[in-house]
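Let's take a friendly walk through this protein, from its overall build to the packing inside. Please have the model open as you read.

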Amino acid sequence: MSQASYITKSHPPIPLDCSQIQTIFFDMDGTLLDLHFDNHFWLEHLPKRVAEHKNVSPDAAKRWIDDHCSEIEGTLNWYCLDYWHDLLQVDLVPLKHEIADRIAIRAHVEAFLTHLKQQNKRLVLLTNAHQKSIDVKFKYINLAAYFDRIISSHQLGLAKEHQDFWPKLEIMEAFDKNRSLFIDDNLQVLRNAQAYGIAHLLAIREPDSKLPPKDTAEFTAISCYTQLMY
Ligand SMILES: [Mg+2]
């Protein structure tokens, strides 16, 4: 199938001059991978296991986790498995493995990454996920080899939402912000990248395949990666 034949009326091409782009930064969860795994983990599976562990009702465990999540949302702790381990006295890693059948790569991701590699673009995975969460995902899916570099925000000590994130990243990874594309499903993260001056930004229309499409406000959103392959 030619790349052009992928394009459909519901997935029109997104105009993007790839010749102007050197580096593409990709978020992981909700961007390359279906966010359903993470939503199911945090909203269903973890509360269930914590309820068993603490001998409370699943609803009580869910409320407690939800309340705590809203307090620390957007901080590195939200994403830190060691933080949750200390807080809950529960190791989240084996619990993630229990539902690993829900880990899934979004449609046409591999084709898009191959398409970019063929154009000699630098591909960087840039995730807030903790290294242990990355390891869980990469045990079941085969994406690591596509990337020139994999960076967890935990290596920088700042979440992608933090205003000092991009200046700190620039010390670790050389890039030209005028010639970089950043794809992420988190609008707060995209706005922070925009404030820093990353020239090309794209959101994701449907990060969780089990939920309705999301309003991505001022950002152009990818419904399907084939929209960028023409
Ligand atoms: Mg994400």
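The report below starts with the whole chain and then turns to the core and two helices. Keep in mind that this is a predicted model.

**Overall build**

The protein contains nine helices and six strands. Its radius of gyration is 18 Å, close to the 17 Å that the globule rule gives for 230 residues, so the protein is as compact as a globular protein of that length. If you lay the C-alpha trace along its principal axes, the spans come to about 55 × 40 × 35 Å. Of the 230 residues, 31% are buried. Contacts also reach far along the chain: among those between residues at least 6 apart in sequence, 65% join residues at least 24 apart.

**The largest nonpolar core**

In soluble globular proteins, nonpolar side chains tend to be buried together. Here the largest nonpolar core has 42 residues, and the members that touch the most others are Phe26, Phe112, Phe182, Ile183, Ala193 and Ile222. Elements giving two or more residues to this core include the strands β1 (23–26), β2 (122–127), β4 (180–183) and β5 (200–204), and the helices among them are α1 (36–54), α5 (109–118), α8 (165–172) and α9 (187–196). The largest share, four residues, comes from α1. Domain 1 (3–35 + 105–228) and domain 2 (37–101) both contribute residues, so this core lies between them.

Ile222 is a good place to zoom in. Leaving aside residues up to four places away in sequence, Ile222 touches Ile14, Ile183, Leu202, Ile204, Arg205, Gln227 and Leu228.

**Two helices side by side**

Both α8 and α9 give residues to the core, and the table sets out how each is buried.

| Helix | Buried residues | Arc of buried residues | Covered by (among others) |
|---|---|---|---|
| α8 | Phe165, Trp166, Leu169 | within 85° | α7 (153–156), α9 |
| α9 | Val189, Leu190, Asn192, Ala193 | within 160° | α8, β4, β5 |

Which residues of α8 are buried? They are Phe165, Trp166 and Leu169. Seen down the axis of α8, these residues fall within an arc of 85°, so they line one face of the helix. On the other side of α8, Pro167 and Ile171 are exposed.

In α9, the buried set is Val189, Leu190, Asn192 and Ala193. Viewed down the axis of α9, they fall within an arc of 160°, so they too line one face of their helix. The cover over the buried residues of α9 includes α8, while α9 in turn is part of what covers those of α8. After α9 comes Gly197, with a positive phi near 110°.

Methods:
Residues numbered from 1 in each chain as written. Predicted model: local features only at pLDDT ≥ 70, side-chain atom pairs only at ≥ 80, totals over all residues. Core = buried A, V, L, I, M, F, W, Y, C linked by C-beta atoms within 7 Å. Buried ≥ 20, exposed ≤ 12 C-beta atoms within 10 Å, placed from the backbone. Domains from an automatic or database assignment. Contact = placed C-beta atoms within 7 Å. Rg over C-alpha atoms; globule rule 2.2 N^0.38 Å. Arc of directions from axis to C-beta.
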